[in-house]
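Open the model in your viewer and keep the selection tool at hand. The tour goes helix by helix.

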Amino acid sequence: MTAAERAERTRAADELCREAFAGAGCPEAGVALVAVGGYGRQELAPFSDLDVVLVHDATVEVGEWAGKIWYPLWDSGATIDHSVRTVDEVLAQAASDLRVATGMLDVRHLAGDPNLTLRLRTAVLTQWRREARIRLGELRELVSERGRMTGELAHASVPDLKESVGGLRDATVLKALVASWLVDVPHADLERCRRALLDVRDALHAVAGRATDRVAPEFWGDIAAVLGLPDGDAAQVRTRTLARRVTHLSRLAWRRAEAVQRRPSPTGQRRPRLEAIAPGLAISYEEVVLDRGAKPAGDPLLLLRAAAEAAERDLVLAPTTAARLVRESAPLPDPWPSGARDLFVRLLAAGPGLIGVWETLDETGALELILPEWERVRLLPHASAVHRFTVDRHLVETCIEASSLIRRVGRPDVLMVAALLHDIGKGQLTEHCVAGAPIAREIAERIGFDAREAELIFALVRWHLLLPETATTRDPDDPATTELVAAKVNDREELELLAALTEADARATSEKAWTRWRASLVHNLVRRSAAALADEPLPGNQGTDIEIPARVLADPHQVSVIATESADGSRVQVVAGDRIGLLADAAAMLALQKVSVRAAHAWTQDGFGVSLWDVAEIGLDDVLLRQRLAAIVDGRLDPNEKLRRVKPVKLEPTVAVRPDASSRATVIEVRSADRPGLIYTVCSALAGIDVSVRSAHISTLGPQAVDVFYVQEAFAGALSEERASSAAHAVRQALADIFAPE
């Protein structure tokens, strides 16, 4: 797919429109057919619509000929977006709708009176330039809202070539900003990126066989073949690199446009052109630049100082300044002096201002001088769809999140560097925590941390998944859980840093990765682990006994279900006479009511079976739940008939026995595509071989579930090795049945 093919599509469409106009019997003067939007810019993709407007003078009376134009276009199979307007009507619509205004900036003559088209173009441009200062705020808000909805093309896991930040829509907006005469952008650079992105969209249409702008992961390989690239990864890197450049140009253009609007009028009091802020640095029109006496060759800290000042002040680091610093700055010694390390930490802890400055450092090659290891994660996609961003952007976002947590820890400098480097091992065959830890330690030593501090950063990178994985998949009341954490964390200082890194990492991943429920699990684990590391007893009563309801005390065959609301969900308490399969029945009850289970805990108390279920829903009717459970227990309702099979999945479920996870029970870990009734299926399979489920720990992230079950022999302890193997096999078979095709 090339510009030549787009030109041929445009030529064919133009010819079709001209023939339709000629055959409709339109007046020779005062009427014109024009292309607007993407068609006006000659950007037609294989399945693009034709955006056309029939423009006429107010003195020309519209007759039947106006409707006749569209029939040949429809008959050709083209999809058209058409309207009939006078010049004044076009201007009025553009004045009320920014999308129309920007689309009309690309008016192109197709047929009819060329003087009318010229008059329309002139009027549209004049109106836009006259009203640009007033309308820029509204346009900026539209761009920001679109960005919040679609994410960044350079970093989103499923990007939209048109609507995502840095996509084709932003390139069009940049052209509109330039047309306002308020700012300028490198035209050749913008056009190069825009045309290359159009090539990608053409390839996407070709492989998808329809009009679409969203690139699903499975399309990248086919897109690569169309573009003549070696594989899907290469196609992603090219596309994301182009989008990153458009994003960078867009961010600079908007910051400059807003700065222009804030400047005093020429007759008013003007600020000094250069405002000194630090050695060698000044502010010029809200951008950090070099002052007149700066000598980059003699100041190895100047690049980091400029970046830190710009990020902390949330200003633009002028790209020309960064590029000059890259060319002329003296190299940093190895290891860095303490002043360089402090500036680097200031940069990382700057908050939201870090993003734009980091992009400038990346675009100008400065990161290669500061952190050459960055290239290994640059624009690297995450394997997990839960992540909102590519690996490099995720690391920057983690720094921004960590910057709000630095008051919680004693070593904020260590936290910020660990936040930047925690995924530096991604993209290798070795598990990224293992691969990244020595890389992080080497970087830490180079930037000036001593051996103990570098070892601490090594530990944070190595174990940055320890707390969330343990908190969501292990029994918090089992001493082995806190022993697991205490065995890998050296002291409370390291634990508090790990807790802060865990939160920052999760918040930067997605909203699903740090819910109030997950936060409470991690915080509880940290509290218990801190007490274990300090060899202190845990505060409060650690017992789990509850008051058995009177109706169940009177008749153990009865069931009790009580639902109580919490801050972000509900807790359901189920009590009945203890027996194998009770937990499976309770799980079926909740599944049939379409309740989302977050965690479950079960135990035996005085011969009664008790289970507590933390669920996402609120407003549950415990009477209805009890009736549903009673029907299941009595055999009047078969859950297997209601919880039907689901479509097959690409990744088969895995079932593993974790022999070292607990000394009191056998731990079975199930990883599977999430589906209603999954807990019931597992519990029912275990009950079928007389294995008791002591507790279940449920973790759902995106479409995947990671559920951990602590199981025991009925009225006994952990399973033997042979029985554990049989239990795992039974669960595998049950999962194979529900995920099998009909």
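Select residues 678-687, helix α29. Its buried residues are Leu678, Ile679, Tyr680, Thr681, Val682, Cys683, Ala685, Leu686 and Ala687. That is 9 of 10 residues, so α29 is mostly covered. This is a predicted model, so read every contact below as computed.

**Helix α8**

Next, select residues 168-179, helix α8. How far apart are its end C-alpha atoms? They are 17 Å apart. At 1.5 Å a residue, the 12 residues should span 16 Å, so the two values agree.

Now colour α8 by burial. Buried here means under 20% relative accessible area. Leu168, Asp170, Ala171, Thr172, Val173, Leu174, Ala176, Leu177 and Ala179 are the buried residues. With 9 of its 12 residues buried, α8 is largely enclosed by the rest of the structure.

What covers the buried residues of α8? Show α6 (98-104), α7 (114-150), α9 (187-208) and α11 (232-262); the cover includes these four helices. Then step past the end of α8 to tryptophan 181. Its phi is positive, near 70 degrees.

**Helix α11 and its partner**

Stay with α11 and pick aspartate 233, which lies in this helix. Is aspartate 233 buried or exposed? At 52% relative accessibility, it counts as exposed. Add glycine 221, 12 residues away along the chain. The two C-alpha atoms are separated by 7.7 Å.

Add helix α15, residues 354-363. The axes of α11 and α15 are 11 Å apart, and the helices pack at an angle of about 125 degrees. That angle makes α11 oblique to α15. Their crossing is left-handed. Show side chains for the contact: Arg244, Arg245, Thr247, His248 and Arg251 on α11 meet Ile355, Gly356, Glu359, Thr360, Asp362 and Glu363 on α15. These contact residues divide into 1 nonpolar, 4 polar and 6 charged.

**Helix α20, side one: α18**

Hide all that and select α18 (residues 412-421) with α20 (residues 451-462). Their axes are 9 Å apart, at a packing angle of about 45 degrees. α18 is therefore oblique to α20. The crossing of α18 past α20 is right-handed.

Which residues make the contact? On α18, pick Val414, Val417, Ala418 and Leu421. On α20, pick Leu456, Ile457, Leu460 and Val461. Colour them by type: 8 are nonpolar, with no polar and no charged residues. While the side chains are up, look at the spacing of the picks. An α-helix has 3.6 residues a turn, so residues three or four places apart point the same way.

**Helix α20, side two: α19**

Keep α20 and add α19, residues 432-446. Their axes come within 8 Å and cross at roughly 155 degrees. The two helices are therefore roughly antiparallel to each other. α19 passes α20 in a right-handed crossing.

Bring up the contact side chains. From α19, select Cys433, Val434, Gly436, Ala437, Pro438, Ala440, Arg441, Ala444 and Glu445. From α20, they meet Ala454, Glu455, Ile457, Phe458, Val461 and Arg462. The residues of this contact divide into 10 nonpolar, 1 polar and 4 charged.

To finish, select Ile457 and Val461. Both belong to the contact of α20 with α18, and both belong to its contact with α19.

Notes. Residues numbered from 1 in each chain as written. Predicted model: local features only at pLDDT ≥ 70, side-chain atom pairs only at ≥ 80, totals over all residues. Heavy atoms only, no water. Expected span 1.5 Å × (residues − 1). Buried < 20%, exposed > 50% of the residue type's maximum accessible area, 1.4 Å probe, protein only. Contact = heavy atoms within 4.5 Å. Axes fitted to C-alpha atoms, helices over the stretch in contact; angles between N-to-C directions. Parallel < 35°, antiparallel > 145°, perpendicular 65-115°, else oblique. Left-handed = near helix turned anticlockwise from the far one by under 90°. Nonpolar A, V, L, I, M, F, W, Y, C, P; charged D, E, K, R; others polar.
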